Amino acid sequence: MRPIGCCTWIFAGEDLSRIAMRACRAKLNGVELHGDIGGLDPARSGRLLAEAGLQIFSVTPGDADISHPDPIRRQAAVTYYARLIEWVVRLDHPGVRLSVHGQVGRIRPLADEAAEWGFLVESVQHITALAATAGLPVVFELLNRYESHQVNTVAQGLTLIERVAAPNLWLLPDAYHMNIEEADPPAALRAAGGAIGLYHAADSNRQGIGEGHTDFAAHVAALDAIGYRGPIILEPAAPGPDPFRADKGNGFRDRLEAMITASAARLRTIQEITQERDSLPA
């Protein structure tokens, strides 16, 4: 049974101790921690989550434009990741994955698409090298076209891995983004195979598992087929305006807690059914 966590970002800056209580009530195994390097003390945060019995599976970054055509802006983005890597090390949790992505909301090139792909590769090479010295695996998150103009599909992600050529670089596919970008999401997961280092789950409407039309049984079967045994990170959003803002108004955090509680239970049931089916004689 794969462990299940949630991204702390969805709770829009709620105190980490309260998020930990919500994760425990939802019977999660851990979290993906938002890399709030200017707000959260990493040593204290790591201890707090460990004392709650929660693992830190991964750290998701703030926005940093690692493919910006301006070299000063691009270097500032790489420097941000250097600081984030130091922050992750101070969490003192084994097995943490560092997530990387471009500037969320930049949906077109500012200069030339091919040149910006080159800038992206160069920046990811720098980041993966820094992460390697700290012993950290890196996962590149695949975002949909309405959030990024680069690396939207598994095929593009595999091209990025090939061009970066870093042994500590894997892909982070997300069921919600795949619902937009992949003609056949389970087939895309199978095509990615061993390149998958982390998996995000939210339904087709970016709400809880079972609240949209994504076939998560097919996703789980694909993850089984490729031997992915890592965590499933829940990243739903509460209903409301502005997809780039987690805070949806009064009561949204309680709505999210109910979502992740139900989602975790549904995913465990799906995994159990899939395992039982796979164990039957042919």
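What share of the 282 residues of the protein chain counts as buried? In this predicted model, the answer comes to 54%. The chain itself is built from nine helices and eight strands. Its radius of gyration is 18 Å, close to the 19 Å that the globule rule gives for 282 residues, so the chain is as compact as a globular protein of that length. Put in a box along the principal axes, the C-alpha atoms take up roughly 50 × 45 × 40 Å.

A few more overall numbers help to set the scene. Take the contacts between residues at least 6 apart in sequence: 80% of them join residues at least 24 apart. The accessible surface amounts to about 12,000 Å², and carbon and sulfur atoms account for 53% of that. As for charge, there are 26 positive and 34 negative ones, and their mean positions sit 4 Å apart.

Helix α5 (154-164) makes a good place to zoom in. Its buried residues are Val154, Gly157, Leu160, Ile161 and Val164. These cover an arc of only 110° around the axis, which puts them on the same side of α5. Over on the other side, Ala155 and Glu162 are exposed. And what does the buried set of α5 pack against? The partners are α4 (113-133), β5 (138-141), β6 (169-172), α6 and α7. Right after α5 ends, Ala165 takes a positive phi of about 55°.

Helix α7, spanning residues 185-192, can be read in a similar way. Pro185, Pro186, Ala188, Leu189 and Ala192 are its buried residues. Looking down the axis of α7, they fall within an arc of 160°, so they line one face of the helix. The cover over them includes α5, α6 (175-181), β7 (199-201) and α8 (216-226). Just past the end of α7 comes Gly193, with a positive phi of about 55°.

Between these pieces, Met178 is worth a look. This residue belongs to helix α6, and with a relative accessible area of 4% Met178 is buried. Setting aside neighbours within four places in sequence, Met178 is in contact with Val154, Pro173, Pro185, Ala188 and Leu189. Of those partners, Val154 is one of the buried residues of α5, while Pro185, Ala188 and Leu189 are among the buried residues of α7. Met178 and Leu189 are 11 residues apart in sequence, and their C-alpha atoms lie 9.5 Å apart in space.

Backbone angles round off the picture. Most residues other than glycine have a negative phi. Asp92 goes the other way, with a positive phi of about 60° although it is not a glycine. Where is Asp92 found? It lies in the loop between α3 (71-91) and β4 (97-100), and at a relative accessible area of 67% Asp92 is exposed. Arg206 also has a positive phi of about 60° without being a glycine. This arginine is in the loop between β7 and α8. Is Arg206 buried or exposed? With 13% relative accessibility, Arg206 counts as buried, whereas Asp92 is exposed.

Key
Residues are numbered from 1 along each chain as its sequence is written. This is a predicted model: local features need pLDDT of at least 70, side-chain atom pairs count only at pLDDT 80 or more; totals for chains, interfaces and linings use all residues. Side-chain values use heavy atoms; hydrogens and water are left out. Buried means under 20% relative accessible area, exposed over 50%, partly exposed in between (1.4 Å probe, protein chains only). Helices (H or I, at least four residues) and strands (E, at least two) are DSSP runs, numbered from the N terminus. The arc is that of the directions from the helix axis to the C-beta atoms. Contact means heavy atoms within 4.5 Å. The radius of gyration is taken over C-alpha atoms; the globule rule is 2.2 Å times the number of residues to the power 0.38. Accessible areas come from the Shrake-Rupley method with a 1.4 Å probe; for residues, only the protein chains shown count as cover. Lys and Arg count as positive and Asp and Glu as negative; His and the chain ends are not counted. The place of a charge is taken as NZ of Lys, CZ of Arg, CG of Asp or CD of Glu.
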